[in-house]
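Work through the exercises below with the structure open beside you. Try each task before you read its solution.

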There are 2 protein chains.
Amino acid sequence: MIYKKTFGTPEKFVPTAYAPAPKAEVLAMPDELAEKFTFSVGRRGVKLTFPLGPDTAIYGFGLQMKETNHRGNKISLRCNADPNSRTGDSHAPVPFFVTNEGWGMYVDTARSAVFYCGSELNRGLHASDFEAYAESEFVDNTRDLYADKTHENTALTVEVPLAAGVDVYYFTGERIVDIVAQYNMFSGGGCLPPDWGLCNFYRCCGRFNEDEVLEMAESIRAQRIPCDVLGLEPGWQTRVYSCSYVWSEKFRNHKALLGKLKELGFKVNLWEHFFVHPTAPVFDALLPYSADYYVWHGLVPDLSLPEAQEIYAAHQHTLVEEGVYGFKVDECDGSDFTGGWSYPDCAAFPSGMDGEQFHHLAGALGAQTLMKAMGDTPTYSEIRAMGALAASYPFVLYSDLYDFNDYLTGVVNAGFAGLLWAPEVRRCESKSDLVRRIQLVAFSAQSLVNAWNYDHQPWLDFDAADEVREMFETRMRLVPYLHRAFKRYRDTGVPPVRSLICDYPEAQHIEDEYIFGDMIVAPIAPEHSGREVWLPAGEWVGYFDGNTYTGGLHTAETEKIPVYYRRGEAPEEAPVTQYLPFDLA
Amino acid sequence: MIYKKTFGTPEKFVPTAYAPAPKAEVLAMPDELAEKFTFSVGRRGVKLTFPLGPDTAIYGFGLQMKETNHRGNKISLRCNADPNSRTGDSHAPVPFFVTNEGWGMYVDTARSAVFYCGSELNRGLHASDFEAYAESEFVDNTRDLYADKTHENTALTVEVPLAAGVDVYYFTGERIVDIVAQYNMFSGGGCLPPDWGLCNFYRCCGRFNEDEVLEMAESIRAQRIPCDVLGLEPGWQTRVYSCSYVWSEKFRNHKALLGKLKELGFKVNLWEHFFVHPTAPVFDALLPYSADYYVWHGLVPDLSLPEAQEIYAAHQHTLVEEGVYGFKVDECDGSDFTGGWSYPDCAAFPSGMDGEQFHHLAGALGAQTLMKAMGDTPTYSEIRAMGALAASYPFVLYSDLYDFNDYLTGVVNAGFAGLLWAPEVRRCESKSDLVRRIQLVAFSAQSLVNAWNYDHQPWLDFDAADEVREMFETRMRLVPYLHRAFKRYRDTGVPPVRSLICDYPEAQHIEDEYIFGDMIVAPIAPEHSGREVWLPAGEWVGYFDGNTYTGGLHTAETEKIPVYYRRGEAPEEAPVTQYLPFDLA
């Protein structure tokens, strides 16, 4: 069930104002539930509190890469492309969370809202009221201090900066997956990418010219490493950064290149971002619809305005007409901490939005704009920012961070919040680094090698073409299975990739395994040759070894990635091909 | 010169409202300077812009540990005890910066102000106005992208959240040190610690009882490692965290202990924080003066209120009367990202402040409160948070981070903003890690080994007592020199420890050397046996090797820390003793 309550007067620029129509019923919040909230508005904005139980665990908040259970933490949902601490900063912050106690909450805001996931209210008690505390244990070690997150009077405190009100949606459901699925249906349902999007991606070196790109494509085919999508990085344009969106001299015969790549079965994806260089054909047209700051000398178009979306999309559509099948939208994630790579929070946009709001909405608005550019051509694209209510966009997140465990945590967490995330493989330090990363990415929402800064295939450094081929062939085999998982995402909201905790409440402390379709994946980190795996009750079959496993813990020592399906639920498989036809939707 | 301009209506709770009386003249800002600012107030708060030149470098913003020149960056001055990225987050954020072009700026706010140090304004130009840009270089590599921070129309943008106005102080001076010195005099002048505070500190294991503390003290004396201050960690109290401020059973005969330590020449420093446990004798008295949230079940006293300062200080004064010479004030730095270790920004304090403001003022207010507790006893204490206008407090900052280069950057940066910082030595990974860290800390504002979680002296792991003794003896020798440097800090504002750039504009790219008194220190990192050293023009003498060096670059290969004084300016030295008398002020 989904219950809504409006507190005060919500802002105009909120995610629901720009999201697809919900595919879930929303009921008015009953009074006995609404009364559990305290609500106040002041100069700072909205403050809400809501009681937490002693064991309430809290999951979600978008693409969080440092922790799974946020109980006790302060989560400040700030857009930041370098989210290297557990502050809540993220490429894709989402003001939605689920608990282990049958409920979740979405706060409809495009502000950098702050969630204190367990703050303790001072209710004015005197010392004499605290006998229990007086007898509490003396705590002088970090372990106990960190664990000591639950107190009497503990509440969730939510601060929504600057707002005079906010809509709060309260979700109930038996398991976490039931709650998340409802959130995704409320977001318009999950996306269903074309089948070729479920195959493998390779992004070429940004310094390549058209001959080098073609050579790379032919080399991939010669090695018989299945690959459907070839990405071109900034160098296809005359000017970056900001972007001209015009084919450069290095791609003088780009139409011929696109034709040859099509013959080889490659769908082309183009890197770009939304910052518009003065030489871009759309510069003057976008000028009246742009913010009062530049980024890299480029306009920041207000993509919340239909006019701006139209102008931007119309130009990108000319690229689609030439034979482009998707985009990688970079730097739209409030990369301002990278070194001035974005517009200030206080930037003014013609719609009336400020920079803070635009940071939070840029991912969804950008995806909408590029969907317009795609027209009737289906896509499975990449984007570096996303926000709330984003399940319906066929855009996968990526990051400049690169720690294996962060990437795994991203895989586990993205599914809590209607996001798709690719733990892309870039440069690797060793064969095992490469192989373990390839295994992880092949069992993620998007199977992607990104060699943007690398003039050869990363697997050549370690003579690992066989291992990559095997995993990419596995991915090809699993396309029908993945297709079915995404269909379910579209129709019911169940995320194709999600935390184990979503389906198995008893797995609360298993933070490094996840569900792929309905299989269980327990990736092994590059520095290890095996790991402990926990499986839910029942009988399971090893996807690679065919062995039988029963619920509980076992040790997996293997060069493969441990993957399990429930006996009787073997994934349907397709024959391995090097790529899929273009016209599969 | 210092010029002040009031824009709009400033807030009530700002650093100047709680700072000592300025010891510098402040003039009204001339119109031609004031006109360079744009100022606006909106729902978000104050927005200021100020033009930047193409080569303006920007230093300061408090204890920043990731970068020295912030040009091009977004610096968000948020309190955070885990500032492990270059976002501006800090234990001690300070809204003051200096430039390499003869000016600096202080924005008088206790908000988490945001400084965009080079944002580019969109002035509505059309594509045809951009011929210069059209011919600009194609940039597709990270190095050039990061370097590309300067554009036409580049401005500093400052956002002061929620405020309806702000006082801005503009400083001019020939060199950076001249500007910083004025800022420090405006802050009330630098502190002058007692001479024993300039000697060496050792913090004992938090699990120790009184016998173990005494044993540790005797062991330090037996090894003849000079040490003046012995710190007791949380375990001296009956209850932590939060704090009871009452001697525990483990220190049943604490008066006898204090007496014996005094006989051995040790001044005792006590760990505590401001979160008041229900069993603390002052709990009920502080209740009406406390915020509406607890931290660790403890009250958060509003130390901006004289009543709260008085109650808190009076109890701590009983400890001083027993023979305590200082405090280490932990966790007052908005450790909320550590896992709920603080109060929310939206907490309400009885004074009318909110949590955000209190986070920024807590360091200074806490220092004031403990100065009251000290009464006539001079101190040189430790504190984990500080803010603006703090030069006069004899409190040194420390951190839970531990990267050597971060610590060195902290040493370099603290002096830009009226802060003192100790790159304290804790557990070490190798002998060279220990020795290089001891060298760094001995040439910092506070020579401190912190073995709070370590039941023996860290140097025993590596048989390095000789190296520690030698550095701590060096520190003892330098006390008269340091005393003079601090006297100058008090009387003229010149920081005793400061970046090379402060005095030598030509050293703009030397970010890993600093000035100690007037000597130049070029620390060697644990993983290296030497380094390149740059010296200003003139003739220099190696402090340890006595060799002559001339300005420019040379390679220093040495087991010592490279330290140089200008020929003719050899530091005055004291004889080495194990400790100084108690009554030196």
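## Exercises on a predicted model

Start with Arg488(A): it has a relative accessibility of 25%, so it counts as partly exposed. Keep in mind that this is a predicted model.

**Exercise 1.** Find the salt-bridge partner of Arg488(A) and state where each residue lies.

*Solution.*
- Step 1. Arg488(A) forms a salt bridge with Asp518(A), and the closest N and O atoms are 3.1 Å apart.
- Step 2. Arg488(A) belongs to helix α13 (residues 479-492) of chain A, while Asp518(A) sits in the loop between β21 (514-516) and β22 (519-521).
- Step 3. The two are 30 residues apart, so this pair links distant parts of the chain. Asp518(A) is partly exposed, at 28% relative accessibility.

**Exercise 2.** Decide whether Lys328(A) and Glu233(A) are buried or exposed, and what their pairing ties together.

*Solution.*
- Step 1. A salt bridge joins Lys328(A) to Glu233(A), with 3.0 Å between the closest N and O atoms.
- Step 2. Lys328(A) is in strand β16 (residues 324-329) of chain A, and Glu233(A) is in the loop between β13 and α6, so the pair ties together parts 95 residues apart in sequence.
- Step 3. Both Lys328(A) and Glu233(A) are buried.

**Exercise 3.** Describe the salt bridge of Asp89(B) and Arg78(B), then test both residues for burial.

*Solution.*
- Step 1. The side chains of Asp89(B) and Arg78(B) meet at 3.0 Å, N to O.
- Step 2. Both residues lie in the loop between β6 (74-76) and β7 (93-99) of chain B, 11 residues apart in sequence.
- Step 3. Buried means under 20% relative accessible area. Asp89(B) has 5%, so it is buried. Arg78(B) has 9%, so it is buried.
- Step 4. Now look at a network: shared salt-bridge partners join Glu11(A), Arg111(A), Asp354(A), Glu356(A), Arg43(B), Arg44(B) and Glu159(B). Over all chains, the count comes to 72 salt bridges.

**Exercise 4.** Explain why helix α4 of chain A is called largely enclosed.

*Solution.*
- Step 1. The helix covers residues 176-186 of chain A.
- Step 2. Its buried residues include Ile176(A), Val180(A), Tyr183(A) and Phe186(A).
- Step 3. In total, 10 of its 11 residues are buried, so the rest of the structure largely encloses α4(A).
- Step 4. Just after α4(A) comes Gly188(A), with a positive phi of about 110 degrees.

**Exercise 5.** Locate the backbone features at Leu162(A), Phe61(B) and Ser242 of chains A and B.

*Solution.*
- Step 1. Leu162(A) is not a glycine, and its phi is positive, near 70 degrees. It is in the loop between β10 (154-161) and β11 (164-172) of chain A. Leu162(A) is buried, at 12% relative accessible area.
- Step 2. Phe61(B) also has a positive phi near 70 degrees. It lies in strand β5 (residues 58-62) of chain B. Its relative accessible area is 0%, so it is buried.
- Step 3. The peptide bond from Tyr241(A) to Ser242(A) is cis, with omega near -10 degrees. The bond from Tyr241(B) to Ser242(B) is cis too, with omega near 0 degrees.

**Exercise 6.** Which residues does Asp55(A) touch, leaving out those up to four places away in sequence?

*Solution.*
- Step 1. Asp55(A) is in the loop between β4 (45-51) and β5 (58-62) of chain A.
- Step 2. Asp55(A) touches Arg71(A), Asn100(A) and Glu101(A).
- Step 3. Asp55(A) is exposed, at 56% relative accessible area.

Definitions and conventions:
Residues are numbered from 1 along each chain as its sequence is written. Chains are lettered from A and ligands numbered from 1 in the order in which they are written. This is a predicted model: local features need pLDDT of at least 70, side-chain atom pairs count only at pLDDT 80 or more; totals for chains, interfaces and linings use all residues. Side-chain values use heavy atoms; hydrogens and water are left out. Helices (H or I, at least four residues) and strands (E, at least two) are DSSP runs, numbered from the N terminus. Buried means under 20% relative accessible area, exposed over 50%, partly exposed in between (1.4 Å probe, protein chains only). Contact means heavy atoms within 4.5 Å. A salt bridge is a side-chain nitrogen of Lys or Arg within 4 Å of a carboxyl oxygen of Asp or Glu.
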